[in-house]
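User: Could you walk me through how the labels in this model are decided? I would like to see the reasoning behind each one.

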Amino acid sequence: MKAQRQRPGKHINLIIKAIKSIKATNKPINPETLMDDGMIECIHEDQVFIISGSEAVATFTRLTTNIQCQPEWEGKFSEKYISTKLRKILAALSSQTPESLIPQLENFVEHLQSFQKVQECVMPIQGLKLEVEELHLGSITFRPADQQQLDHLRERAEKTILTMKLSDDEKQHWLLHYRKVIEERLGAFDTLAFSKSIAEVDQARVNALDAIDMVLNVLRFFAPYTQDFPEYVGLGLPGNFSKAAYSSFVFSEDGSFNTDFPSSGRHLPFKVDKEFLELHGNSLKSFSEIIANPTRTELENRILVAIQWAGKAQSDSQPQQQLLSLITALECLLNPTDGRPFRIGLSESAALLIGKEDLGQRVRLFDFLASMYDKRSKVSHGGSIDIANSEIRSLQGITGAVIMKIVGVRANFMTRKELESCLGRARLGATLDL
């Protein structure tokens, strides 16, 4: 309990120090140089306070960013949320001293520390067709955007609107509006992604976008393919998923909700059915465990980064970009740290990991990866080089095999360095004991 009492004081001292700096550097506004001078206008009830001058504005910006990035608050509050709350407090600086604001600051810090509101973000996904009731991956649950789900969301929205302090006409207006939004906008998509987090609305949406992007790249990873399609169609794994949804809803525990309407392009469908889950179910479970684990090892974090690059390769339409993404995925896991050239270390490690106990096959794998690394170097340095679709397909298969092999043995290694040490004890003709 003692440590918990000290923490608010620490944050209050930080805020007080920054507010004193803002107060000290504040100066009268010159309307003619308002844009050049920089300003923040704080309005609270009938009070208006202007933070002016580049130093004061910079101090305020640093303060809000610093508070947002505190470990215990990170992922809960957006900079906009912190900034808005602080501006209301700072409005009193026009007639008060920084010290006199301490009670308000204490309440503000207490609010941040006790914040436990759960938001559920509902994000439509284009191009992912589910023929199963739901799909869980990490912290995300996917469900078909069928009438049952749309009715459920509509009922939640209507329940909230009916409890709001509005006139009957206003309630009727919003009821009709959100019925139309849900039916016509959400109903135009294939799948709904549900994400829950303890956060304010804006940050909850950011959290959801990041989490959904992560798991969609995991799905992209499982079925790499290349095929020519019209330019207006998004390319990727048999179809391309879109997290840039046309509409998104964030439902709060208290019944309130918020909407957002970014745009989305046209995408090809990708089907998840029982056959897909039978084929990839165990692998999906492994990735889900890694994503949901709050204490991931350094190697597990690298696996997730590698997945993002491998998934990105499925969305790239140019072989050169696909090559860069796939080699980067391998580099996340296999780049040597012992001074050996990356080309040699990466190629040898991959050959050791997925090559059978056959020197000839391992040599062929080594030679192919070394040649791909050479092409990657030429592309990244601005060179022009032809890359065959067959080479990309082979590299996709090798990259996927390497990632899945490391996923399977990840419990044996905490870091990439530990994995590298194990690989270093073997050579192309030796038996690898993982």
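Analyst: Happy to. Let's start with a definition: buried means under 20% relative accessible area, exposed means over 50%, and partly exposed covers what lies in between. Please keep in mind that this is a predicted model.

User: Why is C69 called partly exposed?

Analyst: The relative accessibility of C69 is 43%. The label partly exposed runs between the 20% and 50% cut-offs, so C69 with its 43% counts as partly exposed.

User: And what makes C332 buried or exposed?

Analyst: C332 comes out at 11% relative accessibility. Buried requires a value under 20%, so C332 counts as buried.

User: How many disulfides are there, and by which rule?

Analyst: The rule asks for a pair of cysteine sulfur atoms within 2.5 Å. By this rule the count is zero disulfides.

User: How many aromatic pairs does the model have?

Analyst: The count is three aromatic pairs. One of them joins F77 and Y81, with ring centres 5.4 Å apart and planes at 20°.

User: Why is the pair of F77 and Y81 called stacked?

Analyst: Two cut-offs matter here: centres have to lie within 6.5 Å, and planes under 30 degrees apart count as stacked. F77 and Y81 have centres 5.4 Å apart and planes at 20°, so this pair is stacked. As for their surroundings, F77 has a relative accessible area of 0% and is buried, and Y81 is buried with 17%.

User: What makes the pair of F77 and F115 edge-to-face?

Analyst: Edge-to-face calls for planes over 60 degrees apart. The rings of F77 and F115 have their planes at 75° and their centres 5.1 Å apart, so the pair is edge-to-face. F77 lies in the loop between α3 (54-68) and α4 (79-90), while F115 lies in the loop between α5 (102-114) and β3 (118-125), so the pair ties together parts that are 38 residues apart in sequence. F77 and F115 are both buried. Ring pairs link F77, Y81 and F115 into a cluster.

User: Which charged ends sit over rings?

Analyst: The charged end of R143 sits over the ring of F194, 4.7 Å from its centre. Likewise, the charged end of R376 sits over the ring of Y373, at 5.3 Å from the centre. The distance cut-off is 6 Å.

User: How do you know that helix α9 falls short of a straight helix?

Analyst: Helix α9 (residues 274-292) has 19 residues, and a straight helix at 1.5 Å a residue would reach 27 Å. The end C-alpha atoms of α9 are only 23 Å apart. There is also a bend of about 65° in α9 at H280. H280 is one of the buried residues of α9, which include F276, L284 and F287. At the start of α9, a side-chain oxygen of D273 comes within 3.2 Å of the backbone nitrogen of E275.

User: What makes M123 and V215 buried?

Analyst: M123, found in strand β3, has 2% relative accessibility and V215, in helix α8, has 1%. Buried means under 20%, so M123 counts as buried, and so does V215. The C-alpha atoms of M123 and I212 are 8.6 Å apart, although 89 residues separate them along the chain. V215 and I140 are 75 residues apart in sequence and 7.6 Å apart in space, C-alpha to C-alpha.

Key: Residues are numbered from 1 along each chain as its sequence is written. This is a predicted model: local features need pLDDT of at least 70, side-chain atom pairs count only at pLDDT 80 or more; totals for chains, interfaces and linings use all residues. Side-chain values use heavy atoms; hydrogens and water are left out. Buried means under 20% relative accessible area, exposed over 50%, partly exposed in between (1.4 Å probe, protein chains only). Rings of Phe, Tyr and Trp (its six-membered ring) pair if their centres lie within 6.5 Å; planes under 30 degrees apart count as stacked, over 60 as edge-to-face and the rest as tilted. Helices (H or I, at least four residues) and strands (E, at least two) are DSSP runs, numbered from the N terminus. A charge sits over a ring if NZ of Lys or CZ of Arg is within 6 Å of the ring centre and within 35 degrees of the ring normal. The expected span of a helix is 1.5 Å times one less than its number of residues. The bend at a residue is the angle between axes fitted to the seven residues ending there and the seven starting there. A polar contact is a pair of N or O atoms within 3.5 Å; within protein, one must be able to donate a hydrogen and the other to accept it, and residues adjacent in sequence count only if both atoms are side-chain atoms.
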